[in-house]
Amino acid sequence: MDPKVAFVADMLSELIRVDTTNPPGNETPAAKLIAEALSGAGVEYKLLESAPNRGSIVAWAESNEPGPSLLLLSHLDVVPANPEEWSVDPFSGLVKDGFIWGRGAVDDKLSVAVMLRVFLDFVESRRFKGRLIYAATADEEMGGRMGAGWLVEKHPELVKAEYVLNEGGGFEVPGKRGSVFLVQTAEKGVYWFKLAFKGSPGHASMPRSGDNAVLKASEAAARLASRQPPLDVKPYVKLMLERMLESQGVPAPLRVLLTSRLGLPMLLRSSWEIAPMLDAMLRNTMAPTVIRGGEKVNVIPSSCELSVDCRLLPGYGEDWVRGYIAELLRGISYELKFIHTDGATESPVGTRLYKAIEEAVAAESPGSRIAPYMSTGGTDSRFFRSAFGSKAYGFVPLRSDLPLKELFKMVHGVDERVSLRNVEFSYKTTRKVLEAFYSQ
């Protein structure tokens, strides 16, 4: 194995063995592993804690030649893992059957290790221009406000960059006429809210003796689940869809039909494995997730709360939510309160970094193309797009040596793992991205 690929694989295994489950996070020990590698290479860095043991690490280098600033961004924390559900210890970093196993193997400690090696390569060779920054942060899995968000607010001088390369994309979608690698250029906004319903108590042995608030919440949940907001096709989502259909060998006339207002509903009802993800990229979504009401089994509940995970496309906000809910829940009295809001963010297609990703994919996977992709979840890219106007892209390149459905399922599920082949591919392609970026 190439020594630099071995470095990435070893670092990934070591990082997985540091339990950074969030909550509570405890990212500082993982940040110290990164600090050791940076110190060994003589690179300047800062390890900063937003709270005790909530460490993020930032390193940087300046070139004598003028050029753009580029941030290589990743996160150290992971979601919980129940060992009883896994085939291996989720915090073992075990290498077995050609894979590195453990929580964070894909999301996002692979990126931490890959970007560290690439950063060190370019700092050691001085093959870059302008300012090159590396950051591995805390708290992304719980919203990032103790990690990337905190750095942007409290230490902008360290992390401000024109371009950001982050997680959120990079996976391969194979096709009959070549693969498509998705590049995250946008992400939906998060607008979580609660609906509060009031009724009046009564004895449950006489259901009509009170006004049951749980029934009102249940009716609201049923309406939210049975009715969907209209389609709104953003240009980059349409481009992604066209390229993916082309890669599947769909003839041009049929592609035109399937991407039209008439054809999209048929496509979304199909068995295509990306149909659920595509549906969420083409409309605002609202998913009832938590319901709380009632105190005793024999008392009609007089109050109930329904929590809703709402994700909005760029161009929508709180006013749209209030108007949509007012129409949807006509005839039901309620109070709406937002509990978390983060607006949608997007970056343009065709920039210097986007073109570098395109060139790297063509070099490392001949016959493949890239396509813009809108994440239905959130990443730390939003902080940099909002605060600095950074052109941020999600791209952690991965070949499809596991079915796409399995990859999506295991990232926050069980038996998360990445092949050693993909460790090598991810490192070499990411390095190629920077080579292409600095050659322009």
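**Exercise 1. Where is aspartate 108 found, and which peptide bond joins aspartate 107 to aspartate 108, cis or trans?**

Solution. Aspartate 108 is found in the loop between strand 5 (99–101) and helix 3. Helices (H or I, at least four residues) and strands (E, at least two) are DSSP runs, numbered from the N terminus. The bond that joins aspartate 107 and aspartate 108 is cis, with omega about 10°. Most peptide bonds are trans.

A note on the model. This is a predicted model, in which local features need pLDDT of at least 70, side-chain atom pairs count only at pLDDT 80 or more, and totals for chains, interfaces and linings use all residues. Residues are numbered from 1 along each chain as its sequence is written, and side-chain values use heavy atoms, with hydrogens and water left out.

**Exercise 2. Locate the cis bond that involves proline 23.**

Solution. The peptide bond runs from asparagine 22 to proline 23, and its omega is near 0°. Proline 23 lies in the loop between helix 1 (3–17) and helix 2 (28–40).

**Exercise 3. Describe asparagine 53 and aspartate 415 by phi, place and exposure.**

Solution. Start with phi. Most residues other than glycine have a negative phi. Asparagine 53 has a positive phi, near 70°. Aspartate 415 has a positive phi too, near 55°.

Next, place. Asparagine 53 sits in the loop between strand 1 (45–49) and strand 2 (55–62). Aspartate 415 sits in the loop between helix 14 (404–411) and strand 17 (417–419).

Last, exposure. Buried means under 20% relative accessible area, exposed over 50%, and partly exposed in between (1.4 Å probe, protein chains only). Asparagine 53 is partly exposed, at 28%. Aspartate 415 is buried, at 14%.

**Exercise 4. Explain why cysteine 304 and cysteine 310 form no disulfide.**

Solution. A disulfide is a covalent bond between the sulfur atoms of two cysteines. The cut-off here is a pair of cysteine sulfur atoms within 2.5 Å. The sulfur of cysteine 304 has its closest cysteine sulfur in cysteine 310, 19 Å away, so the pair is too far apart for a bond. A search of the whole structure finds zero disulfides. Both residues can still be placed by exposure. Cysteine 304 is buried, with a relative accessible area of 3%. Cysteine 310 is buried, at 0%.

**Exercise 5. Find the residues that touch the most other members of the largest nonpolar core.**

Solution. A nonpolar core is a set of buried Ala, Val, Leu, Ile, Met, Phe, Trp, Tyr and Cys residues joined through side-chain atoms within 4.5 Å. The largest core has 103 residues. Phe119, Leu132, Tyr134, Leu182, Ile357 and Leu434 touch the most other members. Helix 3 (residues 109–125) gives the most to this core, with 11 residues. A second, separate core has 23 residues, among them Tyr191, Phe197, Cys304 and Ile325.

Now look at isoleucine 357. Contact means heavy atoms within 4.5 Å. Leaving aside neighbours within four places in sequence, isoleucine 357 is in contact with Leu165, Val183, Ile370, Tyr393, Phe395 and Val433.

**Exercise 6. Check the length of helix 6, then find its buried side.**

Solution. Step one is the length. The expected span is 1.5 Å times one less than the number of residues. Helix 6 (residues 213–226) has 14 residues and should span 20 Å; its end C-alpha atoms are 20 Å apart, which agrees.

Step two is the buried set. Ala213, Lys216, Ala217, Ala220, Ala221, Arg223 and Leu224 are buried in helix 6. They cover an arc of only 160° around the axis, so they lie on the same side of helix 6. The arc is that of the directions from the helix axis to the C-beta atoms. Residues three or four places apart point the same way, because an α-helix has 3.6 residues a turn.

Step three is the cover. It includes strand 10 (189–198), strand 11 (285–293), strand 12 (303–312) and helix 11 (318–328). The face turned away from the buried side carries the exposed residues Leu215, Ala225 and Ser226.

**Exercise 7. Place serine 200 and list its contacts.**

Solution. Serine 200 is found in the loop between strand 10 and helix 6. Serine 200 is partly exposed, at 30% relative accessible area. Aspartate 211 is 11 residues from serine 200 in sequence, yet their C-alpha atoms are 4.7 Å apart. Beyond neighbours within four places in sequence, serine 200 is in contact with Gly210, Asp211, Ile300, Pro301 and Ser302.
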